[in-house]
Amino acid sequence: MAVEKGKQTVDPSRKALAPRLYAILARSARTGVIFRRGPSRLVQLIRWDLRTDTFEHGQWLKGRVYERRCDLSPSGELLVYFAATNRPPYASWTAISKPPFFTALTLWPKGDAWGGGGVFEDENKLLLNHPVDDNRLSL
């Protein structure tokens, strides 16, 4: 039986969708990050301390994080991620942050979903997945 709530019809027999989880582990440290997608278009960044098996819940982002285009530095101190809100001013971007926060320390505007993201080659070198001629940087 459906119950009408405002303009939407709510079916109490429908189960809520479980959040989707995606983890990235640091290569040289016992730490990792977890992207928690859901409810709806929200993503939460969680830092995972593997030594103590504890979690530090961090910032939420209203948008889409492309988890497979993200990487954690070998020490686990920095995260490079590719995200999109499909709204101005950037629509999509690649950024470096300190987990468990999405707040950008450095940001490269992208504007579309072709490419984006990056990989840490080592603690001090990032391989960015943007076109060679796209050297815009926002600090």
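**Exercise 1. Contacts of Val65**

Task: In this predicted model, list which residues Val65 touches, not counting residues up to four places away in sequence.

Solution.
- Step 1. Set the cut-off: contact means heavy atoms within 4.5 Å.
- Step 2. Leave out residues up to four places away in sequence.
- Step 3. Read off the partners of Val65: Phe35, Val43, Cys70, Phe82, Ala83 and Phe102.

**Exercise 2. The nonpolar cores**

Task: Find how many residues the largest nonpolar core has, and which of them have the most contacts inside it. Then state which strands each supply at least two residues.

Solution.
- Step 1. The largest nonpolar core has 17 residues.
- Step 2. Rank by contacts inside this core. Val33, Phe35, Val65, Leu79, Tyr81, Trp93 and Phe102 have the most.
- Step 3. Assign residues to strands. At least two core residues come from each of β4 (31-37), β5 (42-49), β9 (79-84) and β10 (92-97).
- Step 4. Pick the top contributor. β9 gives the most, with three residues.
- Step 5. Look for a separate core. A second one has five residues, including Leu78, Val80, Ile96 and Phe120.
- Background: in soluble globular proteins, nonpolar side chains tend to be buried together.

**Exercise 3. A salt bridge across the sequence**

Task: Identify the salt-bridge partner of Arg27. Explain why the pair ties together parts far along the chain, giving the separation in residues.

Solution.
- Step 1. Search the whole structure. Seven salt bridges turn up.
- Step 2. Select the one with Arg27. The partner is Asp71, with the closest N and O atoms 3.5 Å apart.
- Step 3. Place both residues. Arg27 sits in the loop between β3 (20-25) and β4, while Asp71 is in strand β8 (residues 71-72), so the bridge ties together parts 44 residues apart in sequence.
- Step 4. Check accessibility. Arg27 is partly exposed at 48% relative accessible area. Asp71 is buried at 10%.

**Exercise 4. Two more bridges and a network**

Task: For the pairs Glu67 with Arg64 and Asp112 with Lys110, give the N to O distance and say whether each residue is buried or partly exposed.

Solution.
- Step 1. Take Glu67 and Arg64. Their closest N and O atoms are 3.2 Å apart.
- Step 2. Classify both. Glu67 is buried, at 10% relative accessibility. Arg64 is partly exposed, at 30%.
- Step 3. Take Asp112 and Lys110. Their side chains meet at 2.9 Å, N to O.
- Step 4. Classify again. Asp112 is partly exposed, at 34% relative accessible area. Lys110 is buried, at 11%.
- Step 5. Look for shared partners. Salt bridges join Arg37, Arg64 and Glu67 into one network.

Conventions: Residues are numbered from 1 along each chain as its sequence is written. This is a predicted model: local features need pLDDT of at least 70, side-chain atom pairs count only at pLDDT 80 or more; totals for chains, interfaces and linings use all residues. Side-chain values use heavy atoms; hydrogens and water are left out. A nonpolar core is a set of buried Ala, Val, Leu, Ile, Met, Phe, Trp, Tyr and Cys residues joined through side-chain atoms within 4.5 Å. Buried means under 20% relative accessible area, exposed over 50%, partly exposed in between (1.4 Å probe, protein chains only). Helices (H or I, at least four residues) and strands (E, at least two) are DSSP runs, numbered from the N terminus. A salt bridge is a side-chain nitrogen of Lys or Arg within 4 Å of a carboxyl oxygen of Asp or Glu.
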